[in-house]
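Got your viewer open? Let's take a walk through this structure, one selection at a time.

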Amino acid sequence: MKRVSTFTSSTLRRTFLTSHDARSVLGFQYTLFQAAEYNSSAQLGASSTGRRWISSIFNSKFGSTASIASLTLAGAVVTTAGAASLFQEAHAKEPLSPEFAPKDVVLYQYEACPFCNKVKAFLDYYDIPYKVVEVNPISKKEIKWSEYKKVPILVVDGQNLVDSSDIIDKLSDKIHPKKSVGSIPEDDEEIKWRRWVDSHLVHVLSPNIYRSTSEALESFDYITSNGNFSFTEKITVKYAGAAAMYFVSKNLKKKYNITDERAALYEAAETWVDALDGRDFLGGSKPNLADLAVYGVLRPIRYLRSGKDMVANTRIDNWYSRMEKAVGESTRTNT
């Protein structure tokens, strides 16, 4: 089985902003701050007026080409050795019935997006082959056909599914029709922890990814190297985007009352390990949807400095290693 792909990202902060720029930068931060709460969205403005306003700020601070980056940053939040035979037997995947297995699956995504990675963890675990369309976060030409302008979008046998948690619910219902997610009680442990992922865990990621200028550099290097950018866009986003997201992370700290980024990340990791209560997975002998959700959103940071620190300073490593082996090789069918 594989070791999951290393998510090495990088980002670089502009350090020449002066006090004269403070009010404009704060206004720009606020716009990015709103967008960064939804890491799967790449569009910062809801209207053409908003987009022009953001672009004007970028132009005044980073030069004429930087307006390109103003539409990309929210989507840039962001983002194995073989198992022993005994382990493979204990944690073997449940084969899908050909009757319920999807025939044609296409994922529209940003490579570093944690919500997209949630969906991919589900597809990989259930050995569902899928094609990937990397969306250009500036032009979004790849999803011009869709009224929904965020990622992930999953097209399953001609049906368009949106929003990562909803995608997983509907796909799970499709492949396991006898145990519909909709029939699970609201206080169910699996549902509780899936909601925790979306309401808490994802919000401690950005302050850690962009905690310092060097960590921001690490993040945006991955984002620009693996995203669907032209050469000019890549350079602009790498430099201007890193600077902007460094400031955004500070606002996110205030928004979620985070005083110490690493402490918050470590606490979240320990909270999850406590929830396992000695089990290999929250699902027991095999991962459930909560396991896949936690694993999916952590995959983009696992091999960044923040992810390495998390593994070194918490008890999450054993569970994460088991998840790597359980999820196995990617079932992506194109590059």
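**First stop: a hairpin and its salt bridge**

Select Asp157: with 36% relative accessibility, Asp157 counts as partly exposed, a label for values between buried (under 20% relative accessible area) and exposed (over 50%), using a 1.4 Å probe and protein chains only. Before going on, know that this is a predicted model, where local features need pLDDT of at least 70, side-chain atom pairs count only at pLDDT 80 or more, and totals for chains, interfaces and linings use all residues. Residues are numbered from 1 along each chain as its sequence is written, and side-chain values use heavy atoms, with hydrogens and water left out.

Now add Lys174, whose side chain meets that of Asp157 in a salt bridge (3.8 Å, N to O). The term means a side-chain nitrogen of Lys or Arg within 4 Å of a carboxyl oxygen of Asp or Glu. This pair links distant parts of the chain: Lys174 is in helix 5 (residues 164–175), and Asp157 is in the loop between strand 3 and strand 4, 17 residues apart. Helices (H or I, at least four residues) and strands (E, at least two) are DSSP runs, numbered from the N terminus. Lys174 is partly exposed too, with a relative accessible area of 34%. Check the backbone of Asp157 as well: in this hairpin, which has two residues between the strands, Asp157 takes a positive phi near 50 degrees.

**Next: the sheet**

Show the strands. In what order do the four strands of the open sheet lie? The order is 2-1-3-4, with mixed pairing. At the edges are strand 2 (131–134) and strand 4 (159–162), each pairing on one side only. From one strand to the next, the twist averages 20 degrees. Two strands pair if DSSP finds at least two bridges between them.

- Strand 1 (residues 105–109) and strand 2 run parallel, joined by four bridges. Look for Leu107 opposite Val132, and for Tyr108 with its bridge partner Val133.
- Strand 3 (residues 153–156) and strand 4 run antiparallel, also with four bridges. Here Ile153 stands opposite Val162.

Turn on the side chains of strand 2. Val132 and Glu134 point to one face and are buried, while Lys131 and Val133 point to the other and are not.

**Then: two cysteines**

Select Cys113 and Cys116. Why is there no bond between Cys113 and Cys116? The sulfur of Cys113 is 3.3 Å from that of Cys116, its closest cysteine sulfur, which is too far for a bond; a disulfide needs a pair of cysteine sulfur atoms within 2.5 Å. Both are tucked away: Cys113 is buried at 0%, and Cys116 is buried at 0% as well. Searching the whole structure turns up zero disulfides.

**Last: more charged pairs**

The structure holds 16 salt bridges. One of them joins the side chains of Glu111 and Arg332 (3.5 Å, N to O). Glu111 lies in the loop between strand 1 and helix 4 (114–125) and Arg332 in the segment after helix 13 (317–327), so the pair ties together parts 221 residues apart in sequence. Glu111 is buried at 14%, whereas Arg332 is partly exposed at 29%.

Finish with Arg262 and Asp309, whose closest N and O atoms are 3.0 Å apart in a salt bridge. Add Arg211 and Glu215 to see the network of salt bridges that links these four residues. Arg262 is buried at 5% relative accessibility, while Asp309 is partly exposed at 23%.

Note on methods:
Axes fitted to C-alpha atoms, helices over the stretch in contact; angles between N-to-C directions.
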